[in-house]
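Me: Here is a model I would like to go through with you, element by element. Please keep the answers short and give the cut-offs as they come up.

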Amino acid sequence: MVCNIALNYGARSEIIRAIKRINDASQEDNTIIQSLNVENFNHYLDTQEQPDIDILIRTAGERRISNFLLWQIHNAYLWADKTFWPDFNVENLTVAFQDYNSYLMKQKV
């Protein structure tokens with residue numbers, strides 16, 4: 001399991017950084033732009049070779065993405081809890097995972 005906690009992070013800034021990395025790399029290898037695709041674009045992100053996000057947990061009842069890992073959550077399950085972050089605990093996390101597991105079971109049907 002990989003757990004990403006993003007503090008002082010913005011996805012739009014991350015995507016700009018990735019474009020700059022691609023530009024820098026293409027100065028040395030001009031085939032990079034032509035071979036760029038969804039799979040290898042991940043290599044230039046801050047999260048690089050980490051897998052895509054399966055579940056995005058939002059605390060404090062927030063139901064918006066908020067510039068949070070925009071590229072990586074393209075197919076994520078969004079789960080919101082009314083508990084504020086400092087009070088979010090193992091029990092809240094267990095409920096989130098149970099709900100996500102139920103979602104996965106429905107997808108297999």
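Reply: A polar contact here is a pair of N or O atoms within 3.5 Å; within protein, one must be able to donate a hydrogen and the other to accept it, and residues adjacent in sequence count only if both atoms are side-chain atoms. The model is predicted: local features need pLDDT of at least 70, and side-chain atom pairs count only at pLDDT 80 or more, while totals for chains, interfaces and linings use all residues. Residues are numbered from 1 along each chain as its sequence is written, and side-chain values use heavy atoms, with hydrogens and water left out.

Me: Which backbone oxygen lies 2.8 Å from a polar atom of the side chain of Ser26?

Reply: Ser26 lies in helix H1, where helices (H or I, at least four residues) and strands (E, at least two) are DSSP runs numbered from the N terminus. Ser26 counts as buried because its relative accessibility is 14%; buried means under 20% relative accessible area, exposed over 50%, and partly exposed in between (1.4 Å probe, protein chains only). The backbone oxygen at 2.8 Å from its side chain is that of Asn23.

Me: Over what arc do the buried residues of H1 spread around the axis?

Reply: In H1, the buried residues are Ala11, Glu14, Ala18, Ile22 and Ser26. They sit on the same side of H1 because the arc they cover is only 115 degrees. The arc is taken from the directions from the helix axis to the C-beta atoms. On the other side of H1, the exposed residues are Arg12, Lys20, Asp24 and Gln27, so the value asked for, for the buried set, is 115 degrees.

Me: How far apart in space are Ile22 and Ile32, C-alpha to C-alpha?

Reply: Ile22 is buried, with a relative accessible area of 5%. Leaving aside neighbours within four places in sequence, Ile22 is in contact (heavy atoms within 4.5 Å) with Ile32, Ile33, Leu36, Phe41 and Tyr44. Ile22 and Ile32 are ten residues apart in sequence, and their C-alpha distance is 7.5 Å.

Me: Which side chain is joined to that of Gln72 by a polar contact of 3.2 Å?

Reply: Gln72 is placed in the loop between S1 and S2. Gln72 counts as buried because its relative accessibility is 4%. Not counting residues up to four places away in sequence, Gln72 touches Tyr9, Leu45, Thr47, Asp52 and Ile53, among others. The side chain that makes the 3.2 Å polar contact is that of Glu14.

Me: Which strands do the buried residues of H4 pack against?

Reply: Asn92, Ala96 and Tyr100 are buried in H4. They lie on the same side of H4 because they cover an arc of only 70 degrees around the axis. The face turned away from that buried side carries the exposed residues Val90, Glu91 and Lys108. The packing partners of the buried residues are strand S1 (55–58) and strand S2 (77–80).

Me: At the start of H4, which residue has a side-chain oxygen within 3.0 Å of the backbone nitrogen of Glu91?

Reply: Helix H4 covers residues 90–108. Glu91 is one of the exposed residues of H4. The side-chain oxygen that reaches its backbone nitrogen belongs to Asn89.

Conventions: The expected span of a helix is 1.5 Å times one less than its number of residues.
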